[in-house]
Amino acid sequence: MENIILEEGMKAPDFTLMGSDKKEHKLSDYTGKKVILYFYPKDNTPGCSLEAQNFKAHIDEINEKDAVVIGISRDTLKSHDKFIEKYDLPFLLLSDTEEVVCNLYGVLKEKTMFGKKCFGIERSTFVIGKDMTIEKIYRKVKVAGHVEGLVCSL
């Protein structure tokens, strides 16, 4: 697969993934809305749980700005179901078990965990405009303050 470097101002790559609502979702289905597409490493881990709860806490402000939140990880739909239920998440989670969209958006990075090298998702957020243009890219996201700052910039 060709390694495309995404930049602000580019057209967001379209994709189709299964969602936590058991339906297929294409990014292009959201044309006309602003999309906050966030990639996170793993359901039910401390940082990812906090990030999801932060999006939940600000969902009314996000909706008021005619935007939607969509989370993507490599977890299964079954895992997403448990995550959504545990935290009562009011937004869609997409399952990218084949890592197709993760590769498309360049979020898979080599990490070192417990002294072993592995590939995992680097916490990243893409703000995609109503015309499907990438407006803002946040890489190496630190959970604390991220959602608040992002909502203010919408």
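This report walks through the salt bridges of a predicted model and then turns to one annotated residue, C48.

## Salt bridges overall

Let's start with the whole picture. Searching the entire structure turns up eight salt bridges. Three pairs are described below, along with a network that involves K33, D66 and K130.

## K22 and D81

K22 and D81 join through their side chains in a salt bridge, with an N to O distance of 2.9 Å. The two partners come from distant parts of the chain, 59 residues apart. K22 sits in the loop between β1 (16-19) and β2 (24-26), while D81 belongs to helix α3 (residues 77-87).

How accessible are these two residues? K22 has a relative accessible area of 47%, so it is partly exposed. D81 is also partly exposed, at 30% relative accessibility.

## D66, K33 and their network

Another salt bridge brings together the side chains of D66 and K33, again described by an N to O distance of 2.9 Å. Because D66 is found in the loop between α2 (59-64) and β4 (67-73), and K33 in the loop between β2 and β3 (34-39), this pair ties together parts that are 33 residues apart in sequence. K130 enters the picture here too: K33, D66 and K130 are linked in a network of salt bridges.

Both side-chain partners of the pair are partly exposed: D66 has a relative accessible area of 28%, and K33 has a relative accessibility of 30%.

## K42 and D75

The side chains of K42 and D75 form a salt bridge as well, at 3.4 Å from N to O. K42 lies in the loop between β3 and α1 (46-57) and D75 in the loop between β4 and α3, so the bridge connects parts that are 33 residues apart in sequence.

Is D75 buried or exposed? With a relative accessible area of 7%, D75 is buried, because buried means under 20%. K42, by contrast, is partly exposed, with a relative accessible area of 44%.

## C48, a residue with an annotation

Now for C48, which is covered by the annotation "active site" in an unreviewed UniProt entry. Its place is in helix α1. C48 counts as buried, at 1% relative accessibility.

Which residues does C48 touch? Leaving aside residues up to four places away in sequence, C48 touches Y40, P41, K42, F83 and R123. One of these contacts leads back to the previous section: K42 touches C48, and the side chain of K42 also meets that of D75 in a salt bridge.

Note on methods: Residues are numbered from 1 along each chain as its sequence is written. This is a predicted model: local features need pLDDT of at least 70, side-chain atom pairs count only at pLDDT 80 or more; totals for chains, interfaces and linings use all residues. Side-chain values use heavy atoms; hydrogens and water are left out. A salt bridge is a side-chain nitrogen of Lys or Arg within 4 Å of a carboxyl oxygen of Asp or Glu. Helices (H or I, at least four residues) and strands (E, at least two) are DSSP runs, numbered from the N terminus. Buried means under 20% relative accessible area, exposed over 50%, partly exposed in between (1.4 Å probe, protein chains only). UniProt positions are given in the numbering used here, feature names are shortened, and annotations may be inferred rather than shown by experiment. Contact means heavy atoms within 4.5 Å.
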